[in-house]
Amino acid sequence: MEINCVSNDTAAIITLCGRLAGRYPSILKKKLGEQLRHNSRIIIDMSQVSFIDSTGLGVLVGALKKAISREGDIRLVSPTEEVRMLMELTRVDRVFLVYSSQQLALKSYSEN
Amino acid sequence: MNSLIIIREKHYSWLRGLGSADHPAMVTICNKPILEYMVDFIVLVGGKKIRLVFEEPDGSVEAYFGNGERWGVEIEYGNAQADDTIARVVEKNSSFGEQAPLIVIDGLLFIHYDKNARYEINPEGPGTGFLYNSESGSISYSTADAAERSTLVEFTPNLQISTPRKIVNLFRITMQVLREEQHRYVIPGYGADKGVILGRNVEIGKEVKIHGPVVVGSNVRLLGSAVIGPNVVIGNNVIVDDGAEVRESLVMADTYIGRRLYISAKMVAGSKVVSVSNNASIEVSDEFLLSPLKRSLPINIVRYLFNVCGAFLLALLQLIPFCIFFTLGWLKGDLRFNKSRFLLSSDGQTKIFRTPSGFRTGAIDRIIRSLSLDRFALLKEVFAGKLQLVGNRLIPDTAEGREFVKDFSGYSPGIFNYTEADRLDPGAAESEIAERFYSANRGFLTESKSLMKALMNNLLYNT
Amino acid sequence: MRILELSFIPTLDNAQWATIAVRQIVETLMKTVKVAGIEGMDKFLSEIELATGEACVNSVKHGPEQGIDKIQVSVVFKEKYSNFIVTVSDGNKRYDFSDREPDFDALPESGYGIYIMRNLMDKVSYQREKGRNLVIMEKEIKQGEE
Amino acid sequence: MKIRIDEMNGIRTLALAGRFDASATGGFKDTFKGLLQEGAANYVVDLQKVDYIDSGGLGSLVSALRQTRSIDGDIRISGLSGKVRSVFELTRLHRIFEIFDDELQAVKSYRTN
């Protein structure tokens with residue numbers, strides 16, 4: 001799995017690519033931890049995540065809690081059907097705001 | 001009237017892989033195989049013999065339907081080939097077509113019959129023809145001396161017939177049956193609450209909420225504070241873990257639904273989830289969330305309950321006779337009991353029990369034995385979980401006994417034993433075989449039978 | 001518990017008798033332990049009979065000449081698992097006991113034997129031991145309740 | 001195993017009885033060879049009285065079927081008992097042979113196509 005980070009004034013954009021499972025959730029957790037120290041407004045582009053397991057979801061939720069406690073948020077960009085369904089099953093879909101593109105997600109941050 | 005039901009791959013293959021490994025015709029609607037609805041319908045219209053004709057035969061269907069006794073019809077099995085016409089199938093199964101009127105169901109149809117209605121076919125004179133015909137299947141008939149093809153005739157009263165061809169269809173039909181037509185079919189289980197049908201051996205946690213209509217299969221555990229319904233069918237052998245919520249969904253047999261999962265408008269089979277709204281499906285490989293279940297359940301608890309219930313019933317029955325005859329026997333000096341130490345399990349636990357001596361001393365003693373009252377004092381051991389109600393013969397704690405029990409890992413003694421149930425000589429080889437065989441093949445049915453046999457034997461052969 | 005041990009001079013007729021003997025002894029044992037009531041006992045027996053028959057015929061056919069080295073058949077009943085184990089052994093050359101499925105569409109005229117054994121029995125294994133071939137077949141009595 | 005040969009409407013019928021196992025295949029093959037030499041192409045093999053069939057028996061049926069198909073003939077099967085039917089199914093022969101309830105229908109079926 002690839003994890004790429006780009007930061008700008010409004011938010012940090014993390015693009016994930018591949019399977020968020022196995023050892024990658026803990027790597028992502030570290031990355032998100034670092035990122036949260038600088039900027040608590042995060043966008044995660046999930047459009048290229050083919051698979052996510054419950055640990056992966058757990059990392060996202062854990063990071064979201066931290067972000068909110070720092071008045072930030074984690075917003076997701078176009079999760080695939082598979083990921084979206086798993087998020088629904090685990091009720092995680094209720095706590096994340098989901099956007100169809102990075103631009104829209106960025107715009108949502110700059111609006112408030 | 002006789003009937004042929006033709007099961008062709010092209011009508012059924014899309015159901016493969018949904019739920020268990022059984023034949024797709026065994027996929028269920030409200031926990032009843034689709035094929036069984038067809039059989040029910042044939043029985044309802046007066047069928048006496050049914051032959052299930054397969055292009056790809058399958059043991060699971062035969063294992064389920066057997067010879068049809070349970071449905072009150074004769075069920076047989078036959079073969080056909082993929083491109084056989086209906087006429088050819090009828091020809092191949094000639095013992096079915098000639099003497100009696102024949103109904104042929106070809107394809108996968110869900111017939112929305114009503115078990116309380118009467119259906120009649122009204123052909124004008126002899127002939128053959130279709131009662132229903134569509135791309136996914138047909139129902140045709142021929143009268144005994146069919147020669148001429150007559151026009152399309154219809155059942156009276158009229159029937160709705162669904163032709164499932166996609167998972168979504170199956171879901172809709174199930175919902176229709178669940179919400180509007182429950183009363184029309186015999187659905188396995190018993191009605192617990194309004195619109196709620198529960199199967200055998202269903203464990204429901206204290207805080208579980210069930211909102212009907214809901215149909216739950218057998219061997220199901222709904223744990224913790226799970227929320228089930230409305231509009232849910234749960235198959236056999238399913239665990240819904242604490243805090244999960246299932247609504248507007250079908251959970252197929254042998255599935256585990258993990259803690260706090262939220263299942264809405266889905267079909268779940270093992271680790272496969274299909275969204276009913278857009279037919280998208282995913283395979284969840286995380287076994288903590290969803291996973292197929294092997295068919296095993298906490299049988300020990302159930303066994304213990306079975307034992308305790310049996311022992312309690314027996315104690316109720318025996319209490320008064322026990323008081324009377326033991327007092328009499330004690331006054332008369334007829335009672336001879338030995339105290340000795342017995343082995344409780346193959347790992348060498350022991351306990352002292354009082355058992356009747358080997359000698360029959362008098363009339364009262366005979367009565368006590370014939371009514372099995374000599375076991376009364378042992379019943380408390382069942383409640384304590386030390387003895388089974390029906391189990392192996394108690395083996396005395398001797399060097400020989402310990403040796404014997406050591407290589408008999410299934411040894412689990414009971415107040416009543418298999419040897420006496422089958423009236424075998426305790427020393428003989430048959431007794432050893434029976435003891436080992438039954439303990440390896442415990443089942444509630446066999447045990448209830450053994451108990452009855454033991455009680456009857458005591459009654460018949462001690463007087 | 002070993003309930004039958006027999007050996008026969010390899011001819012096709014003897015193979016037939018050995019097969020019938022195995023069926024009979026299994027039936028007798030099942031009746032002794034009163035599982036006669038289980039549904040499908042006849043099917044169970046027929047399946048054991050057919051698998052044993054295939055193994056015996058196989059041994060006879062692979063023998064160098066009829067009537068030299070005896071073929072041995074044994075039946076063991078494991079009460080703990082209610083399992084029958086039928087072993088057929090011969091002194092022939094090593095077999096190719098692969099679990100390849102025959103290519104049904106090509107209308108094969110032989111090669112069904114091993115496939116039949118594997119499908120009728122719960123477990124079929126092949127061993128080579130002290131210059132003998134051992135075909136070991138296991139089948140469990142499954143009762144139709146709980 | 002016993003084999004009774006008959007003829008109906010120009011179709012040869014072979015009614016087998018007994019155990020159709022490896023020791024019986026020789027007899028069956030010889031009989032069948034004889035019939036082929038007489039020039040008959042269409043057959044019905046009735047297995048109603050066969051209570052045991054093994055791979056040898058099945059193999060000789062398939063071999064016979066091949067020979068008849070090569071001369072545009074066929075072998076149709078009738079009267080499978082439950083036991084024999086399950087062996088047919090196991091070896092997928094139900095897909096290769098046309099299977100009928102009774103001999104007469106199988107014979108008639110040659111006329112209908």
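Helix α1 (residues 12-32) of chain C lies across β1, β2 and β3 of that chain, at about 170 degrees to β1(C). A quick word on terms: helices (H or I, at least four residues) and strands (E, at least two) are DSSP runs, numbered from the N terminus, and contact means heavy atoms within 4.5 Å. Axes are lines fitted to C-alpha atoms, for helices over the stretch in contact, with angles from 0 to 180 degrees between N-to-C directions. Helix α2 (residues 41-62) of chain C also packs on the sheet, touching β1, β2, β3 and β5 (132-140) of chain C, and its direction makes about 15 degrees with that of β3(C).

This is a predicted model, in which local features need pLDDT of at least 70 and side-chain atom pairs count only at pLDDT 80 or more, while totals for chains, interfaces and linings use all residues; side-chain values use heavy atoms, with hydrogens and water left out. Residues are numbered from 1 along each chain as its sequence is written, and chains are lettered from A and ligands numbered from 1 in the order in which they are written. The model scores ipTM 0.67 and pTM 0.66. For chain D, the mean pLDDT (the predictor's confidence in each residue, from 0 to 100) is 90, and 98% of the residues reach 70 or more.

The sheet under those chain C helices is open, with five strands in the order β1-β2-β3-β5-β4 (chain C) and antiparallel pairing; two strands count as paired if DSSP finds at least two bridges between them. Its edges are β1 (2-8) and β4 (123-129) of chain C, each pairing on one side only. From one strand to the next, the twist averages 15 degrees. Seven bridges hold β2 (residues 71-78) and β3 (residues 83-90) of chain C in antiparallel register, with C:Val76 partnered by C:Ile85 in β3(C).

Chain D has an open five-stranded sheet too, ordered β1-β2-β3-β4-β5 (chain D), but here the pairing is mixed. Strands β1 (2-8) and β5 (98-100) of chain D sit at the edges, each with pairing on one side only. On average, neighbouring strands in this sheet are turned by 25 degrees against each other, direction ignored. Strand β4 (residues 74-78) of chain D runs parallel to β5(D), joined by three bridges, and D:Ile77 stands opposite D:Ile99 in β5(D). Helix α2 (residues 55-70) of chain D lies across β2 (11-20), β3 (42-53) and β4 of chain D, at about 140 degrees to β4(D).

In chain A, helix α4 (residues 102-111) has A:Ala105, A:Leu106, A:Ser108 and A:Tyr109 buried, where buried means under 20% relative accessible area, exposed over 50% and partly exposed in between (1.4 Å probe, protein chains only). Seen down the axis of α4(A), the buried residues fall within an arc of 155 degrees, so they line one face of the helix; the arc is that of the directions from the helix axis to the C-beta atoms. Their cover includes β2 (12-20), β3 (41-52), β4 (73-77) and β5 (97-99) of chain A. A:Gln103, A:Ser110 and A:Glu111, on the other side of α4(A), are exposed. Elsewhere in chain A, A:Arg91 lies in the loop between α3 (81-89) and β5, and is buried with a relative accessible area of 14%. Setting aside neighbours within four places in sequence, A:Arg91 is in contact with B:Gly243, B:Ala244, B:Glu245, B:Arg260, B:Leu261 and B:Tyr262.

Over in chain B, the largest nonpolar core (buried Ala, Val, Leu, Ile, Met, Phe, Trp, Tyr and Cys residues joined through side-chain atoms within 4.5 Å) has 60 residues, and B:Ile5, B:Leu52 and B:Phe65 have the most contacts inside it. Helix α6 (residues 167-180) of chain B supplies the largest share of this core, eight residues. A second, separate core has 52 residues, among them A:Leu76, B:Ala226, B:Val232 and B:Val240.

Strand β26 (residues 266-269) of chain B sends B:Lys266 and B:Val268 one way and B:Met267 and B:Ala269 the other, and all are buried. Two bridges join it in parallel to β23 (residues 249-251) of chain B, and four bridges join β26(B) to the antiparallel β27 (residues 272-275). β26(B) and β27(B) form a hairpin with two residues between them, and B:Gly270 in the turn has a positive phi of about 65 degrees.
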